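Trainee: I would like to learn how to read a structure that is new to me. Could you take me through it one feature at a time?

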Amino acid sequence: MPIPSYQSCMLPLLKILVKGQTFSLKGAIETLSEQFELTLDEIAQLLPSQRQGVFENRVAWAKTYLKQAGLIEYPKRGQMRITDEGKRVIKSGIENIDTNFLKQYPSFQTFLARTKSMDDQSLDQINPEDLDELLLEFADIANEWFAKRTFVVSYWKFINNFFKSENLKNAEWSEIQKLGDHIHSLGTNALARARAFGNENYPIQQYRDSFLKIAHGEGSVEERMRWFLTDDSATSKYLGASSVGEFFGQLYADNHVFFNKRDEEAAEYLGIDPGFQRGDDAARRFARFNQAIQPIFESYSRIVGKRTDVPIGLEVDQFFSWLYETKELGKRIQQKHNTKTVWEFAPGAGAVYWDDFYSDGVAAIGWNEVSDLHKFKTREEISAAIKREKNPSTEPRNDSLAMWQWYKEVKPGDTILAKKGRRTIIGVGIVMSGYEYRPTRTDYHHVRQVKWEKKGIWNLPQGMNLTMKALTNLTPYPDHVAKLMSIIGEPTPPPSKKRYWWVNCNPSRWDVANAPIGHRERFVSINESGTKCRIFKYFEEIDVGDEILAYVSSPIRRVTTLLNVTKALDEDEYFECEIVQQFDVQPQWEELKKDEQLSECEPLLNNQGTLFSLTDDEFIEIRELTEGILPPIKPPYLIEDAVKDLFMDENIFRGILDLLQSKRNVILQGPPGVGKTYISKRIAFSLMAEKDEGRVRMVQFHQSYSYEDFVQGLRPNLSGGFVLKNGIFYQFCERARNDDRPYVFIIDEINRGNLSKILGELMMLIENDKRSPQYAIPLVYQEESDIDFYVPPNVYIIGLMNTADRSLAMVDYALRRRFSFFDLVPAYGKDKLNQRLSEICGDGLCQRITEAFLELNRKIAADTDNLGPGFLIGHSYFCLEKTALLDGPGYRRIIDTEIAPLLREYWFDQPKVAQDWMERLTAIAG
């Protein structure tokens with residue numbers, strides 16, 4: 001069930017207190033979790049800050065609201081109990097308590113005003129009582145804390161005296177050098193201090209003018225900080241943002257802190273989100289951070305009160321330092337990847353969308369045919385939608401699992417590893433948002449915002465592989481995660497004691513495949529002859545919590561079951577395991593042997609014995625097989641398959657295919673309704689000799705289509721700037737470049753776009769004899785460091801052109817020279833079409849349709865002054881689904897809604913001719 005909201009927790013919390021006994025927050029959470037029947041996973045779910053459980057947070061907010069309304073009280077720290085007013089409310093028989101109910105109490109209204117009526121999103125961040133308790137804790141030791149840190153006062157006095165205008169105007173270098181002794185970020189870095197203040201990096205007057213401007217100049221703190229860090233006239237050489245932040249934190253300490261690493265980690269610990277945006281510079285981050293923490297200043301003044309003579313911002317900064325040290329935030333950061341869920345993620349086939357995802361700060365998955373996932377309540381509903389929209393004949397276990405996990409199981413704060421293929425990690429990020437549906441994206445509409453922390457190329461060592469799935473939860477395999485994290489230089493969790501095993505099960509002794517979930521079985525380490533089993537040390541090493549794959553031996557010869565070890569080997573000479581899952585997909589021995597990732601798998605090399613050890617990678621590989629994840633083995637796609645449902649002779653189809661193979665660029669042109677799109681896909685699959693949708697891409701040109709859409713260009717980002725993004729054809733070529741197999745790019749309505757504007761340099765690069773690196777050229781928007789671009793030889797282009805559109809300009813000679821053109825014509829009168837029409841509408845109507853449209857097309861073709869062969873009426877208007885029937889009313893609907901508008905357009909200046917033909921065509925319906 002969904003975790004209850006804080007408002008749903010209010011009445012149950014008050015009810016458990018009604019008997020008058022006191023409860024701790026922990027006790028209340030335990031009691032309420034049982035009442036709500038929450039699972040352990042639901043109870044363990046953390047907020048994005050990773051500091052507090054979601055349910056714990058909701059109960060804490062419920063407690064806070066009830067306290068502020070006067071319905072409960074705190075008799076002593078950490079305890080709560082119901083008040084007389086709370087008892088009266090329960091006795092009244094109220095069925096629901098929410099914020100609207102609590103607004104009748106003046107004290108609650110005062111609380112709302114003080115917290116500015118935090119919305120539900122804020123409630124998943126900082127709880128005022130949570131903060132108050134920490135401030136109370138700090139208040140107890142504040143005097144002692146500041147007494148030991150006399151530098152807080154001395155540094156502030158020095159900085160403020162130094163930056164007085166009368167002192168700066170005559171400051172000498174020896175005085176400026178002392179500034180370096182009063183900057184915390186330089187205190188432990190002698191080299192950095194020497195670079196910044198060892199020798200004069202600028203004329204002395206430039207130092208004076210720079211410091212005068214940041215302390216007394218015009219503009220906001222943010223503007224002056226940005227100037228100092230970026231302007232060539234500022235004396236900021238060897239001074240980083242953290243040092244400059246100290247200047248401003250000291251100068252404007254009434255409402256600012258330094259914004260160093262300690263401050264940032266403390267704010268995250270408190271659940272404060274500064275709202276940083278991609279593209280924010282150091283000055284903007286400084287401003288956003290200090291704006292976000294302003295509520296801390298008010299709470300600090302109210303609870304701790306000023307303890308020194310310095311402005312309150314410096315005391316708040318020390319409160320953050322106290323949090324960092326006493327709550328061991330440094331260790332928490334080192335362990336952040338250990339405690340979060342880790343996902344392995346493919347940014348498109350061949351990582352084609354990686355650059356876009358990195359620059360946009362997102363990660364996304366495909367399956368665009370399945371729209372907004374918010375409308376689905378279960379994985380089964382998603383699976384049904386995939387089958388309906390993509391392929392009714394297959395069971396989309398993998399696809400539906402990936403979509404459900406992306407929608408429901410991936411959480412803000414999770415770590416995500418971007419991969420390319422099975423041997424390379426290319427990025428590391430932190431998930432920052434929930435699921436979003438963005439249908440305006442060119443591709444991959446199912447999105448989550450991600451803060452990409454690293455980008456690079458980390459190749460895995462020999463024998464170690466990534467999974468085949470687009471999305472995989474790696475958290476159950478901690479040792480595997482540790483290896484990956486070590487490879488990419490991230491904090492590595494301590495080795496897990498958990499191991500993975502393979503056990504052979506003789507079906508005549510234990511029919512494990514048909515045993516119920518929860519059944520336990522014992523495996524003895526001594527065989528019937530009294531000798532130890534083969535590889536006895538494995539029996540000694542197996543431990544509670546280890547996972548085992550059960551392989552049922554001959555005649556079944558399949559991996560069928562997942563077991564969990566419940567008892568290790570002891571003096572009883574056996575270990576015990578429990579069935580936790582029966583696999584829907586059970587890999588056969590032959591499949592396992594063929595899998596190259598299992599080439600060194602111990603039980604597959606020598607299966608004599610009972611118990612075998614599996615590596616993490618081997619266990620993950622076999623588990624993927626049990627989820628139905630196999631390298632796709634596609635049946636061959638033959639020309640006979642392609643022409644089976646086409647109303648075209650096989651020789652003509654072969655001719656088009658030969659043209660595409662030799663020229664690499666073909667345009668199929670013809671009037672509407674001759675099946676240009678339908679034929680183009682079949683040509684593509686025939687070229688590949690397999691039906692692989694992943695290597696076919698279709699776009700439609702239009703008058704607004706541009707080079708930036710197709711090839712490469714600058715695009716706006718969320719921060720108001722621009723980023724260089726690769727267009728759809730560029731991305732397609734990059735995918736093809738890493739593959740020897742043919743890729744086919746189909747351009748519908750190719751003559752609708754401004755081809756010179758869209759193609760640019762591609763006008764040359766798509767030529768058949770220019771498809772090699774020696775013809776690579778720089779693109780218009782290409783960075784100097786980028787490799788020059790060429791169209792790989794395995795990219796084939798099929799253009800589709802409607803010859804009946806009067807609005808289209810002629811394709812210029814330059815383009816015609818680069819394409820072979822093939823005319824597609826209506827198939828009326830052809831045997832295959834006659835057979836199809838006879839099946840759906842009977843011989844009588846079939847014959848009348850054929851005769852009428854043959855005559856109509858002869859008239860259109862003969863009218864060379866206004867129309868001609870390019871305006872014929874195609875046959876596809878009558879090519880209904882195989883199970884459909886075309887009767888008289890259905891035929892008339894086609895004439896009235898599809899054919900008649902076309903005839904009116906053709907003979908717009910001869911309406912009587914159009915009307916006569918519409919009547920003749922309608923009349924044959926009978």
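Mentor: Let us begin with one pair of side chains, those of E767 and R818, which meet in a salt bridge at 2.9 Å, N to O. The term stands for a side-chain nitrogen of Lys or Arg within 4 Å of a carboxyl oxygen of Asp or Glu. Please keep in mind that this is a predicted model, in which local features need pLDDT of at least 70 and side-chain atom pairs count only at pLDDT 80 or more, whereas totals for chains, interfaces and linings use all residues. Residues are numbered from 1 along each chain as its sequence is written, and side-chain values use heavy atoms, with hydrogens and water left out.

Trainee: Which parts of the chain does the pair of E767 and R818 tie together?

Mentor: The general idea is that side chains of opposite charge can pair when their charged atoms come close. Here E767 lies in the loop between α38 (762-765) and β22 (795-802), while R818 lies in the loop between α39 (813-816) and β23 (820-823), so the pair ties together parts that are 51 residues apart in sequence. The names of helices (H or I, at least four residues) and strands (E, at least two) refer to DSSP runs, numbered from the N terminus. E767 and R818 are both buried, a word that means under 20% relative accessible area, with exposed being over 50% and partly exposed in between (1.4 Å probe, protein chains only). These two residues also belong to a network of salt bridges that links E767, D769, K770, R817 and R818.

Trainee: How many salt bridges does a search of the whole structure find?

Mentor: The search finds 35 of them, and two further examples are worth reading side by side. In one, R208 and E172 meet at 3.4 Å, N to O; R208 sits in helix α15 (residues 204-216) and E172 in the loop between α11 (165-168) and α12 (173-179), so that this pair links distant parts of the chain, 36 residues apart. R208 is buried at a relative accessible area of 12%, whereas E172, at 43%, counts as partly exposed. In the other, K912 and D916 meet at 3.2 Å, N to O, and because they are 4 residues apart in helix α42 (residues 911-923), they are separated by about one helical turn. K912 is exposed, with a relative accessible area of 60%, while D916 is partly exposed at 32%.

Trainee: How many disulfides are there by the distance rule?

Mentor: A disulfide is a covalent bond between the sulfur atoms of two cysteines, and the rule used here asks for a pair of cysteine sulfur atoms within 2.5 Å. By this rule the count is 0. C505, for instance, is in no disulfide, as the nearest cysteine sulfur, that of C577, is 7.4 Å away. C505 is buried, with a relative accessible area of 3%, and C577 is buried as well, at 0%.

Trainee: In what order do the 6 strands of the open sheet lie?

Mentor: Strands are said to pair if DSSP finds at least two bridges between them. The order in this open sheet is β12-β15-β14-β13-β11-β16, and the pairing is mixed. Its edge strands, each pairing on one side only, are β12 (520-524) and β16 (611-614).

Trainee: Which strands pair with β14, and in what sense?

Mentor: Strand β14 (residues 558-567) pairs with β15 (residues 574-582) in the antiparallel sense over 6 bridges, and β13 and β14 likewise pair in the antiparallel sense over 6 bridges. To follow single residues, start from N564 in β14, which is the bridge partner of E547 and has E578 as its bridge partner in β15; K567, in turn, stands opposite E576 in β15. The hairpin of β13 and β14 has 5 residues between the strands, and R557 there takes a positive phi near 55°. Of the 10 residues of β14, 7 are buried, so this strand is largely enclosed by the rest of the structure.

Trainee: Is helix α17 enclosed or open, and how would I read that from its residues?

Mentor: In helix α17 (residues 241-251), 9 of the 11 residues are buried, so the helix is largely enclosed by the rest of the structure. Among the buried residues are E246, F247, F248 and Q250.
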